[in-house]
Amino acid sequence: MKKYITTSLETHLFFGRIMKEHALFLQAGFPAGEMAYINKANWYRTEFEKVLWQTVRLADGTVGKDVLCSGEVFTEFTVMAEQQTGRLTKIPIDFRITQAEKKLQAGCGECGDGRMALQIRQLNQRVLGLLRGLIMFKEQILQQVTSCRLFTANYPLLIEHIIREAKLYQQIITTLEKNQCISSENMLKTEQFWNQIMMEHALFIRGLLDPTECELVETADKFAGDYCRLLEEARQQDCRAMNGLTRKTLETTKKYCDFKAAGTKGITGCDIRSIILPLLADHVLREANHYLRILKQEGE
Ligand SMILES: [Fe+2]
Ligand SMILES: [Fe+2]
């Protein structure tokens with residue numbers, strides 16, 4: 001039960017925010033006249049904002065220090081990125097959630113509490129309901145965009161990418177609700193999943209940077225190549241070689257986190273020319289930090 005409570009809350013802290021931001025990126029990417037799509041994206045954004053608020057309330061004293069310190073829940077740039085993105089998109093962003101997250105204490109105070117377990121079960125069910133709808137909405141957008149009936153500033157690959165992230169969230173919560181363990185034999189699959197996500201981030205970044213940012217475009221291309229090779233190697237090699245591959249992935253991802261942190265600093269500091277929203281830069285940094293924590297945990 002202890003594991004059920006902490007893992008649920010840690011998952012919502014990371015993915016609840018990710019979903020809220022996906023909805024914001026979708027909302028900001030539609031033409032001004034697409035009111036039905038804008039309103040629907042806005043609805044999911046506010047629903048996941050509520051989920052995140054409730055998670056923060058329940059998480060104080062009940063989540064792990066490694067998660068809070070990993071930079072996957074918030075980074076040093078998050079509040080700034082939220083304020084700037086709110087100003088630029090005219091979409092209100094409640095950065096008090098981030099401020100509250102910064103004050104969260106680690107621990108396992110009420111983890112054995114039956115009332116707490118009930119609250120978590122209700123929260124998980126609510127999230128599963130929202131996720132079903134959000135995934136359908138994203139799939140509908142992808143379908144309309146790829147059949148040229150709808151325009152958005154987001155790449156079709158980005159929409160596919162955020163569908164896969166939402167499905168992973170759904171899978172984790174479903175597993176928790178079935179009282180099953182998240183087994184480590186899935187690690188190979190997890191690594192393949194996140195290596196692809198990391199590769200695609202590099203491809204998005206290179207495509208959203210101003211063409212004059214040659215050096216950054218080149219570095220982004222290099223990371224896309226690195227992750228592409230890691231994916232290929234994993235496909236070719238057998239399990240015995242996996243440890244070496246995980247080490248290589250860990251080294252690449254450490255450097256990648258530094259690159260993304262520098263990028264987020266540059267974008268929030270207005271030192272980089274691009275069409276990247278500050279919050280998108282911080283978002284992909286947090287996803288890399290999340291992956292880095294998983295990789296380190298696996299190495300222990
Ligand atoms: Fe994402
Ligand atoms: Fe992503």
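This is a short dialogue about reading a predicted protein model that holds two iron ions.

Q: Before we start, how are residues, chains and ligands labelled, and which parts of the predicted model count?
A: Residues are numbered from 1 along each chain as its sequence is written, while chains are lettered from A and ligands numbered from 1 in the order in which they are written. In this predicted model, local features need pLDDT of at least 70 and side-chain atom pairs count only at pLDDT 80 or more, while totals for chains, interfaces and linings use all residues; side-chain values use heavy atoms, with hydrogens and water left out.

Q: Good. How many helices and strands does the protein have?
A: Helices (H or I, at least four residues) and strands (E, at least two) are DSSP runs, numbered from the N terminus. Here you will find 11 helices and 0 strands.

Q: What does the radius of gyration say about the protein?
A: The radius of gyration is taken over C-alpha atoms, and the globule rule is 2.2 Å times the number of residues to the power 0.38. For 300 residues, a compact globule would come out near 19 Å, and the protein has 19 Å, which agrees. Its C-alpha trace spans about 55 × 50 × 35 Å along the principal axes.

Q: What share of the residues is buried?
A: Buried means under 20% relative accessible area, exposed means over 50%, and partly exposed is in between (1.4 Å probe, protein chains only). Of the 300 residues, 55% count as buried.

Q: Now the metals! Which residues are the protein donors of the iron ion (ligand 1)?
A: Donors are N, O and S atoms within 2.8 Å of the metal (3.2 Å for Na, K and Ca); water is not among the atoms, so sites may look incomplete. For the iron ion (ligand 1), the protein donors are H22 (NE2), E165 (OE), H283 (NE2) and E287 (OE), at 2.1 to 2.3 Å. Along the sequence they follow the spacing H-x142-E-x117-H-x3-E. Look at helix α11: H283 and E287 are 4 residues apart there, so about one helical turn separates them. Both H283 and E287 are buried.

Q: And which residues are the protein donors of the iron ion (ligand 2)?
A: They are H161 (NE2), E165 (OE), H201 (NE2) and E287 (OE), lying 2.0 to 2.2 Å from the ion. Their spacing is H-x3-E-x35-H-x85-E. H201 in helix α8 (residues 187-208) and E287 in helix α11 (residues 278-299) are 86 residues apart, so to speak a link between distant parts of the chain. The relative accessible area is 1% for H201 and 1% for E287.

Q: How far apart are the two iron ions?
A: They are 3.2 Å apart, and E165 coordinates both.

Q: Why is the arrangement around the iron ion (ligand 2) irregular?
A: Four donors count as tetrahedral if all angles lie between 85 and 135 degrees; four count as square planar and six as octahedral if opposite donors are over 155 degrees apart and all others between 65 and 115; anything else is irregular. Around the iron ion (ligand 2), the 4 donor atoms subtend angles of 82 to 163 degrees, which makes the arrangement irregular. The site of the iron ion (ligand 1) is irregular too, with angles of 83 to 165 degrees.

Q: How many salt bridges are there?
A: A salt bridge is a side-chain nitrogen of Lys or Arg within 4 Å of a carboxyl oxygen of Asp or Glu. The structure holds 20 of them. One of them joins R293 and E72 at 2.4 Å, N to O. R293 lies in helix α11 and E72 in the loop between α3 (65-69) and α4 (78-89), so the pair ties together parts that are 221 residues apart in sequence. Both R293 and E72 are buried.

Q: Which helices does the salt bridge of R164 and E200 tie together?
A: The closest N and O atoms of R164 and E200 are 2.9 Å apart. R164 lies in helix α7 and E200 in helix α8, so parts that are 36 residues apart in sequence are tied together. R164 is partly exposed at 23% relative accessible area, whereas E200 is buried at 3%.

Q: Last one: what is notable about phi of C148?
A: Most residues other than glycine have a negative phi. C148 has a positive value, near 60 degrees. C148 sits in the loop between α6 (114-146) and α7 (156-177) and is exposed, at 71% relative accessibility.
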